[in-house]
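Biologist: Hi! Please pull up the model, and let's start with its holes.

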Amino acid sequence: MSVAEVAQAPDVTTEAAPRTVGLATPHDSAVRHVCGSAVYVDDIREPEGTLHLAVGGAPVARGRIIKIDLGAVRAAPGVVCVLTATDIPGCNDASPVNAGDDPILATDSVEFHHQAVFLVVAQTRDAARRAAKLGKIEIEADRPLVSVDDALAAQSYVLPDYTFLTGEPDTALAASPHRINGSLRIGGQEHFYLEGQVALAVPGEDEMLVYSSTQHPSELQAIIAHMLNVPAAAVTVEVRRMGGAFGGKETQAAQWAALASLAARITGRPCKMRLDRDDDMAMTGKRHDFRADYAAGFDADGRITAFDVILASRCGYSADLSASINDRAMFHADNGYYLPAARIVTKRTKTHTVSNTAFRGFGGPQGMMAVERLVDDIAWSLGLDPLDVRKRNLYGEGRDLTPYGMRVTDNILPEMIEALERTSDYRARRSAIAAFNANSPYLKRGLALTPVKFGISFTTTHLNQAGALVHVYLDGSVHLNHGGTEMGQGLFVKVAQVVAEEFGIDLDRVKITPTSTGKVPNTSPTAASSGADMTSMAARAAAATIKGRLIAFAAEKYATAPELISFRDNHVLIGNRRTPFAQLLREAYLARISLSSTGFYRTPALNWDPGKAKGRPFFYFAYGAACSEVVVDILTGEMKVSRVDILHDVGRSLNPAIDMGQIEGGFIQGVGWLTCEELVYDKAGRLLTHAPSTYKIPCASDMPPDFRVALFDGPNREDTIYRSKAVGEPPLMLGISVFAAIADAIHSLAPGKRVPLDAPATPESILHAIHQLTQD
Ligand code: MTE
Ligand code: HPA
Ligand code: MOS
């Protein structure tokens, strides 16, 4: 479906059709993105005297620091000074949850290979990087725990286990007519944002201005203030845009901004820290890899009767966001399926590797993988089409309670799957593929249609709040500011559309401005896909306050009932009078009416009790379904995606062009995670895949040659902004259809047998699965 075809029907709850909201408006920076004139942190004109930084990292993954010899570093050309943990005046911790386990510079010990130990401040970036190599760090090394298996064997955890329980899984399992045990490994993922981690700190009289590529300016402000021992009010963090983030800059932009601020404070000069790609890959966290082990029961129709699953993840050396990430894996261990009896346990293992962090989906994708494999297992063992097993297990009437006690009241998966099954021609292609495979010894085709149900809201309930600041100037232009950050996802244009709509003015009258802790305080990270939902509401509230004042003023001045005043087409209709917007502003100004306001929003209806592990953590669910066809070469393990059909639910789209981009991009990123992107650590804990030479992300030629994406037409049943739905993360999980299609292709080699395919399904992994399947 083309973008033009998905133009939205007006919201039934507003009297007049929106003029700006719902239009396929281009990204506000689209032209600048492609011309190279969009300013990222490294493009900001450097202030006179800017110094450049590089870090010296741990030579081993685990051990006690005996001695740090920095003589040669200090003597190197261009070096201004070299700093260590003892130079930090305040708190040496960048933990997002105040765990005290994320030193900005290491103190007595190191816990992963390349951990930052010292900081070189030099005239040029090249000088800093060359000098950093000259440091001698003597370590009494210990054997690192590298993998989940290592950590489980040593019972090494960053956080305690956590369990969801519903029904009586042991009894239900014992009573089940069929039982199955399974295990699946799910790989991690490097964010590979095009713009790496970067920050520029500019010292003032007794304040610090920090430009950073971060999803969480308020957290940086707090960490920097603590580190420098200054009030938060003395630190301002500004973000115009990021060149991609994907969760990788939710917490892990902080350390680099802190180091730049430390050096700026000590030298009194502006300092810039920009990580080289290899350093970025070695020194910053990634998606958690998981091992899932499960026992499940099911009936003769393939309906799940019991699910008992342990999800163990590699958290790395510190807590970071691992608590909520593992929680979100648990919240999505059901995906779209009703589990009448379930025990869902997560084990948060501590390893001597970089601290893993948020990544699009935030543990949800990993949680879904286990149950999607279970559904395939069931289909294979009963000789059913996996799609039929999926459909039979969906939430439905009388089968609507999640393992965490929230009822699914907005389920549209059954109709979405029916629709996609029809439009993708699933059944006919299923038979055609069976016929093809029967006559093709080496090339095997596979097909899978998988659903996505993704919970929208931060599960850390207090984060579900947002603020905005709107100024209206007398020429009718509007200065828009809010706590959300732009990472390419199109948040800024969506919020601007909502504000333009509120004032009834053209979109180009709304000036988008950089996110700044000085304008909107105490913000949440732009994450959990909630940016547009929450920030648009806050910005609309700010605009509505100003509009309310203008209406009250005009009602009095023109003796007109407030209900007869409306804002449209850059004019204000006051009864029968039609006044240009800017003219009313001038009249209001002369009458001393304030034309500036803040706005605030908190997501309603949330009620999650982590102690009981029951409640309503999500405002609503976003849904999607994808049907993917692949062809696998069973001699080489190579794989190609031949066709993809997607039907995705964004409610009533705020901007269908942006949403289509999010769906396509998210899907491909999910396919990359599950097929070609592989993180390899050696036994010493060194990341071997630390550059694009060895770490393969999908490229343009990996786009499916036949790619059909459509938006599901239907409003959000909850009262969200113009009844839209969040779109940022959910489409990533549509990529699971490709993984399932690969398993389906392999399954054709030995019908009835279970396919032991682990993720990512690289050619090696595919060959391994084929060998195991055809040998025993
Ligand atoms: N899209 C682009 N182009 N770049 C990104 O970094 N991050 C994703 C998603 N889409 C990302 C993106 C992630 S992880 C999240 S949580 C959401 O965008 C955040 O933005 P939103 O809440 O405004 O959707
Ligand atoms: N999603 C993304 N980021 C978060 C969350 C979440 O649920 N909780 C805390 N940070
Ligand atoms: Mo997205 S992983 O919530 O930043």
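Modeller: Terms first: on a 1 Å grid over the protein atoms alone, a cavity is a set of points where a 1.4 Å probe fits but cannot get out, while a pocket is an open set with protein on both sides within 12 Å along at least five of seven lines; lining residues have an atom within 4 Å of a point. Points join across faces, edges and corners, and a volume is the space filled by probe spheres set on them. This is a predicted model, where local features need pLDDT of at least 70 and side-chain atom pairs pLDDT 80 or more, while totals for chains, interfaces and linings use all residues. Residues are numbered from 1 along each chain as its sequence is written, chains are lettered from A and ligands numbered from 1 in the order written, and side-chain values use heavy atoms, without hydrogens and water.

Biologist: Thanks! How many cavities of 30 Å³ or more are there?

Modeller: There are five, and the largest has a volume of about 180 Å³. Its lining consists of 16 residues, with Ala94, Asp102, Gln252, Gln255 and Tyr317 nearest the centre.

Biologist: What classes of residue make up that lining?

Modeller: Eight are nonpolar, six polar and two charged. Here Ala, Val, Leu, Ile, Met, Phe, Trp, Tyr, Cys and Pro count as nonpolar, Asp, Glu, Lys and Arg as charged, and the others, Gly among them, as polar.

Biologist: And what volume does the second largest pocket have?

Modeller: About 940 Å³. It is lined by 40 residues, and Pro96, Val97, Thr460, His462 and Leu463 are the closest to its centre. Two elements, α6 (217-228) and α9 (322-331), each give two or more residues to this lining. Helices (H or I, at least four residues) and strands (E, at least two) are DSSP runs, numbered from the N terminus. The top contributor is α6, with six residues.

Biologist: Changing topic: how many salt bridges does the search find?

Modeller: It finds 49, a salt bridge being a side-chain nitrogen of Lys or Arg within 4 Å of a carboxyl oxygen of Asp or Glu. One of them pairs Lys391 with Glu421 at 2.5 Å, N to O. Lys391 sits in α11 (386-393) and Glu421 in α12 (413-423), so this pair ties together parts 30 residues apart in sequence.

Biologist: Is Glu421 buried or exposed?

Modeller: Glu421 is buried, at 13% relative accessibility, whereas Lys391 is partly exposed at 24%. Buried means under 20% relative accessible area, exposed over 50%, and partly exposed in between (1.4 Å probe, protein chains only). Both residues belong to a salt-bridge network that also links Asp385, Asp388, Glu418, Arg427, Arg430 and Asp744.

Biologist: What about Glu501, which has no salt bridge?

Modeller: Glu501 is in helix α14 (residues 491-503). It is buried, and the nearest side chain of opposite charge, Arg568, is 5.3 Å away. For charge, Lys and Arg count as positive and Asp and Glu as negative; His and the chain ends are left out.

Biologist: Now the backbone: where is the cis peptide bond?

Modeller: It joins Ala759 and Pro760, with omega about 0°. Pro760 is in the loop between α18 (736-747) and α19 (763-775).

Biologist: And what is the phi of Phe362?

Modeller: Positive, about 60°, although Phe362 is not a glycine. Most residues other than glycine have a negative phi. Phe362 is in the loop between β15 (342-350) and α10 (364-382), and it counts as buried at 12% relative accessibility. Ser529 also has a positive phi, near 60°, in the loop between β20 (515-516) and α15 (531-557).
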